[in-house]
Amino acid sequence: MKLLYDFFPLLLFFGAFKYYDIYVATGVAIVASFIQVAGYRLLKGKFETMHLITLGVIGVFGGLTLLLHDDTFIKWKPTIVYWLLGGATIGSHFVGKKTAIEHLIGKQISLPDHIWVKQNLSWGFFFLVLGLLNVYVAFYYAPELDAASRQEIWVNFKVFGLMAITLVFIIIQAIFMARHVEAADKSKEDRKSTRLN
């Protein structure tokens with residue numbers, strides 16, 4: 001259910017684009033992001049950081065898209081969000097005792113410290129690469145096509161391509177972590193049995 005809630009603005013953006021155009025879709029996404037943030041606050045009594053980042057970026061870049069009637073700005077929005085996430089994730093190596101990924105899922109699973117570092121770097125660089133991929137598809141892919149066709153390719157890539165790439169990456173990371181979760185659990189059990197003896 002939370003996954004659907006997280007993708008709520010994106011799904012509405014896609015629907016509005018298919019029935020209207022990029023400008024209506026951008027306006028819908030701005031409103032949907034605001035509703036998402038306010039709704040989460042009402043339901044949970046707190047703000048979700050990712051929702052706030054997305055609202056801030058879409059508010060600025062979506063607002064410029066509508067104000068200047070130029071879809072360049074909305075095309076930059078995913079890249080800015082991914083690069084902010086990538087920078088924050090990699091930057092967490094230098095601030096605090098835990099990495100961003102360990103803060104995010106460290107309560108659910110136990111991993112050795114060096115694996116948390118690898119996971120964090122993997123996610124940080126993954127976000128940076130997603131930002132570059134978005135720039136490529138938005139501005140450089142299939143230059144021989146007309147603007148409307150390129151716009152449609154970008155919207156489809158933004159909604160389905162980036163989501164599919166992220167899902168594959170999550171599966172790969174989960175498989176990698178599963179091996180180390182078992183090792184971490186075994187190491188904890190060994191330490192407990194040593195203390196008891």
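1. Of the protein's 197 residues, 38% count as buried. The model is a predicted one. Its secondary structure amounts to eight helices and zero strands, in the order α-α-α-α-α-α-α-α along the sequence. Among contacts with a separation of 6 or more, 64% are between residues 24 or more positions apart.

2. Helix H4 covers residues 49-68, which is 20 residues. At 1.5 Å a residue it should span 28 Å, and its end C-alpha atoms are 28 Å apart, so the expected and modelled spans agree. After H4 comes His-69, with a positive phi near 50°.

3. The buried residues in H4 include His-51, Thr-54, Val-57, Ile-58, Phe-61, Gly-62 and Thr-65. As background to that spacing, an α-helix has 3.6 residues a turn, so residues three or four places apart point the same way.

4. On one side of the sequence, H4 pairs with helix H3 (residues 22-44): the two axes come within 9 Å and cross at roughly 155°. An angle over 145 degrees counts as roughly antiparallel, and H3 is therefore roughly antiparallel to H4. The crossing is left-handed. H3 contributes Tyr-23, Thr-26, Gly-27, Ala-29, Ile-30, Ser-33, Phe-34, Gln-36, Val-37 and Tyr-40 to the contact, and H4 contributes His-51, Leu-52, Thr-54, Leu-55, Ile-58, Gly-62, Gly-63, Thr-65 and Leu-66. By class, the residues of this contact are 10 nonpolar, nine polar and no charged.

5. H4 also packs with helix H5 (residues 72-91), at an angle of about 155° and with the axes 9 Å apart. This angle therefore makes H4 roughly antiparallel to H5. Here the crossing is right-handed. From H4 the contact uses Met-50, Ile-53, Thr-54, Val-57, Ile-58, Phe-61, Gly-62, Leu-64, Thr-65 and Leu-68; from H5 it uses Phe-73, Ile-74, Trp-76, Lys-77, Ile-80, Val-81, Leu-84 and Leu-85. These residues divide into 14 nonpolar, three polar and one charged.

6. Thr-54, Ile-58, Gly-62 and Thr-65 of H4 are listed in the contact with H3 and in the contact with H5. These four residues are buried.

7. Lys-77 deserves a separate comment. Lys-77 lies in H5 and belongs to the contact with H4. Its relative accessible area is 11%, and the cut-off for buried is under 20%, so Lys-77 is buried. Beyond its neighbours within four places in sequence, Lys-77 touches Thr-54, Val-57, Ile-58, Phe-61 and Lys-158. Among these partners, Thr-54, Val-57, Ile-58 and Phe-61 are buried residues of H4.

How values were computed: Residues numbered from 1 in each chain as written. Predicted model: local features only at pLDDT ≥ 70, side-chain atom pairs only at ≥ 80, totals over all residues. Heavy atoms only, no water. Helix = DSSP H or I, 4+ residues; strand = E, 2+ residues; numbered from the N terminus. Expected span 1.5 Å × (residues − 1). Buried < 20%, exposed > 50% of the residue type's maximum accessible area, 1.4 Å probe, protein only. Axes fitted to C-alpha atoms, helices over the stretch in contact; angles between N-to-C directions. Parallel < 35°, antiparallel > 145°, perpendicular 65-115°, else oblique. Left-handed = near helix turned anticlockwise from the far one by under 90°. Contact = heavy atoms within 4.5 Å. Nonpolar A, V, L, I, M, F, W, Y, C, P; charged D, E, K, R; others polar.
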